[in-house]
Structure formats: C-alpha cells, structure tokens
Amino acid sequence: MITVSPEHAGVSRPEVHQVRDLAESFGVDAARYDRTRPRYPDALVERIRAASPGPEFVDVGCGTGIAARQFQAAGCTVLGVEPDPRMADVARRGGVEVETATVESWAPAGRTFDAVVAGTAWHWVDPAAGAAKAGEVLRPGGLLAPFWHVFQLPPAVAATLAAAYQRVAPDAPLTFHADRQGLAAYQPLFTGAAEGIRAAGGFGEPTQWHVDWDQPYTRDELLEMLATHGQFTALAPEAVAQVLAEVGAAVDARGGSLTVRYTTVAVTAVRQSPRPDPRG
C-alpha cells in the first residue's frame with residue numbers, strides 16, 4: 001500500500017493532497033503513464049453512467065484521459081480538469097477537452113454538469129473544497145463519483161518493493177508498506193472522501209461500493225506500471241532503477257509474471273435539490 005511516511009506525520013493519509021509537488025509530478029513521463037496505468041472496469045463505468053442524470057461529465061485530475069476516454073466511449077461528453085500541463089497535453093491528443101487547473105482553483109464560469117468524476121485522483125484534492133466545487137457545478141440530482149484503484153501484490157513481491165524503497169528513499173513523503181495492502185488499508189482515504197462530502201453539504205449520504213478484478217502482468221509490464229506512481233516520479237533515476245531491479249528479481253523468482261488483484265472503489269453522492277425558501 002502507498003502511505004505517508006512517518007517523517008511526515010503531520011500529513012495523515014486522507015491529507016495526501018498537501019504534498020503538492022508529488023501531486024503534479026506525474027507528467028515526467030506522461031506517455032508511459034497513459035500506456036501502462038490500468039483502465040477502469042466496465043462495470044464501474046456503466047454503473048456511474050447509469051446513476052448520472054445526464055451525459056455531461058467533468059473529470060477531475062483527468063491525467064492523460066484514461067477514465068475520460070472510457071466515459072466518452074460510454075456516450076458521455078467529458079471536460080477534463082488537470083493541473084499538470086504535460087498530462088493535459090496527452091489527454092488532448094487523445095480527444096479529451098481539458099482545462100489546466102487544480103479543481104480548487106478551476107473557474108467553471110457558470111457551467112453546470114450532470115456528474116463530477118475523478119479516477120485515482122481525488123486524494124490529491126482537498127476533500128471538502130473539492131466536494132464544495134463539485135456542488136457548485138452539479139445540477140440537482142447530479143452525481144459526485146471519485147473512484148480509485150487499490151492493488152494488492154503477492155506478499156513476497158510487496159515485501160521486496162517496500163524494503164528496497166525504504167532503503168533508497170528513507171525520507172520520501174510517500175512510501176510502500178508490505179503489511180498494508182488491499183481495501184482495508186485504504187479505508188481511511190475513502191472515509192476522508194465521504195467526510196469531505198458531508199462537510200461540503202448539499203449532498204445525500206455518500207455510498208461506498210467496489211468492483212474486484214484481476215490483471216496479469218509480465219515482469220516488464222509490472223515495473224513500467226509501478227514506475228508511474230508518485231513514490232517514483234520525484235526520485236533520481238538511479239534510485240528508481242535500483243528499486244525496480246530488486247522487484248524485477250522477485251518477479252523473476254515467480255517465473256517472470258504475476259497476477260495483481262485490483263479492487264476499484266467508488267464513493268458516490270447525489271447533489272440534492274435546493275430546499276424551497278420558507279419565506280417565499
């Protein structure tokens with residue numbers, strides 16, 4: 001699991017958005033990010049599309065447009081909001097309209113939408129401020145739906161990754177923990193998102209749900225995917241290479257491939273209609 005390092009104890013897991021330099025570091029190799037990051041399960045895309053009252057979506061932290069393209073394929077029009085211009089450029093080349101901004105600073109200019117989604121990006125957003133901005137742009141009955149991939153490596157590979165990373169980057173703001181994997185390990189993040197929605201007001205009670213699925217990887221595919229994560233994007237190339245070489249050796253010991261268990265988790269809430277003014 002990805003966690004905040006003990007050295008950054010003032011930043012708890014749901015406040016990862018405070019580590020802004022990492023939040024905007026993914027564009028160092030945006031093409032690799034787009035090529036190797038996993039797509040979202042069709043069941044999740046279809047459920048969110050069905051729950052939205054219409055097809056006009058905003059994708060917060062759209063990155064290179066992975067989720068946006070999937071919603072477009074499902075019949076939606078999608079406007080991306082992305083702070084990293086390098087990621088935004090890849091998304092535009094893939095056919096996604098993108099405005100470059102953090103969602104907290106984004107100016108919607110009076111536009112409204114049917115759904116606000118965020119694919120493995122909402123943890124980089126202040127959860128209450130992000131939900132408040134979503135409330136501003138959602139039509140009554142509109143859907144706020146941040147969602148995340150949670151992946152679980154085989155124990156021996158996870159242990160190798162955690163130990164190697166801790167050795168080369170003991171002071172990094174984010175780290176890996178082999179003993180904190182899977183859905184339960186990430187629950188504070190999902191709880192924080194729900195609390196932010198409640199704090200913003202104007203939404204019904206948030207609902208958490210998930211889709212389980214498996215993804216096979218060769219050694220090289222896994223290493224390329226791991227290298228796009230925030231723990232690596234700010235590291236020196238030689239440090240990244242050292243960690244990935246050790247992880248690669250662990251995968252080789254398993255025969256050169258593995259299957260990663262994914263759980264894609266959504267926290268969804270519906271924008272409520274304004275209450276009538278009792279004063280008339």
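Two residues are in contact here when heavy atoms of theirs lie within 4.5 Å, and the exercises below apply this to a predicted model.

**Exercise 1. Determine how helices H9 and H11 pack, and which residues of each helix form the contact.**

Solution. Begin with the geometry: H9, which spans residues 219–226, and H11, which spans residues 237–252, pack at an angle of about 150 degrees, and their axes are 10 Å apart. The handedness comes next, and the crossing of H9 and H11 is right-handed. Then list the partners: from H9, the residues Arg219, Leu222, Leu223 and Leu226 take part, and they meet Leu244, Ala245, Val247, Gly248, Ala249, Val251 and Asp252 of H11. Sorted by character, the residues of this contact comprise eight nonpolar, one polar and two charged.

**Exercise 2. Find which residues of helix H3 are buried, and establish how they are arranged around the axis.**

Solution. Within H3, residues 42–51, the buried residues are Leu44, Val45 and Ile48. Their directions cover an arc of only 100 degrees around the axis, and therefore they are on the same side of H3. This agrees with a general property of the α-helix, in which there are 3.6 residues a turn, so residues three or four places apart point the same way. On the face of H3 turned away from the buried side, one finds the exposed residues Asp42, Glu46 and Ala50. As a last step, identify the cover over the buried residues of H3, which includes helix H4 (66–73) as well as the strands E2 (56–60), E5, E6 (138–152), E8 (207–218) and E9 (257–270).

**Exercise 3. Classify Arg111 as buried, partly exposed or exposed, and describe its surroundings.**

Solution. First locate the residue: Arg111 sits in the loop that runs between strand E4 (97–100) and strand E5 (113–119). Its relative accessibility is 30%, and because buried means under 20% and exposed over 50%, Arg111 counts as partly exposed. Beyond its neighbours within four places in sequence, Arg111 is in contact with Leu79, Glu99, Trp106 and Val137. For Val137, which is 26 residues away along the chain, the C-alpha separation from Arg111 is 6.5 Å. For Glu99, the side chains of the two residues make a polar contact at 2.7 Å, while the side chain of Arg111 also reaches the backbone oxygen of Pro108 at 2.7 Å.

**Exercise 4. Decide whether Ala30 is buried or exposed, and name its contacts.**

Solution. Ala30 belongs to helix H2, residues 30–36. Its relative accessibility is 7%, and because the cut-off for buried is under 20%, Ala30 counts as buried. Leaving out neighbours within four places in sequence, the contacts of Ala30 are Thr64, Arg86, Met87 and Val90.

Definitions and conventions:
Residues numbered from 1 in each chain as written. Predicted model: local features only at pLDDT ≥ 70, side-chain atom pairs only at ≥ 80, totals over all residues. Heavy atoms only, no water. Axes fitted to C-alpha atoms, helices over the stretch in contact; angles between N-to-C directions. Helix = DSSP H or I, 4+ residues; strand = E, 2+ residues; numbered from the N terminus. Left-handed = near helix turned anticlockwise from the far one by under 90°. Nonpolar A, V, L, I, M, F, W, Y, C, P; charged D, E, K, R; others polar. Buried < 20%, exposed > 50% of the residue type's maximum accessible area, 1.4 Å probe, protein only. Polar contact = N/O pair within 3.5 Å; in protein donor to acceptor, adjacent residues only side chain to side chain. Arc of directions from axis to C-beta.
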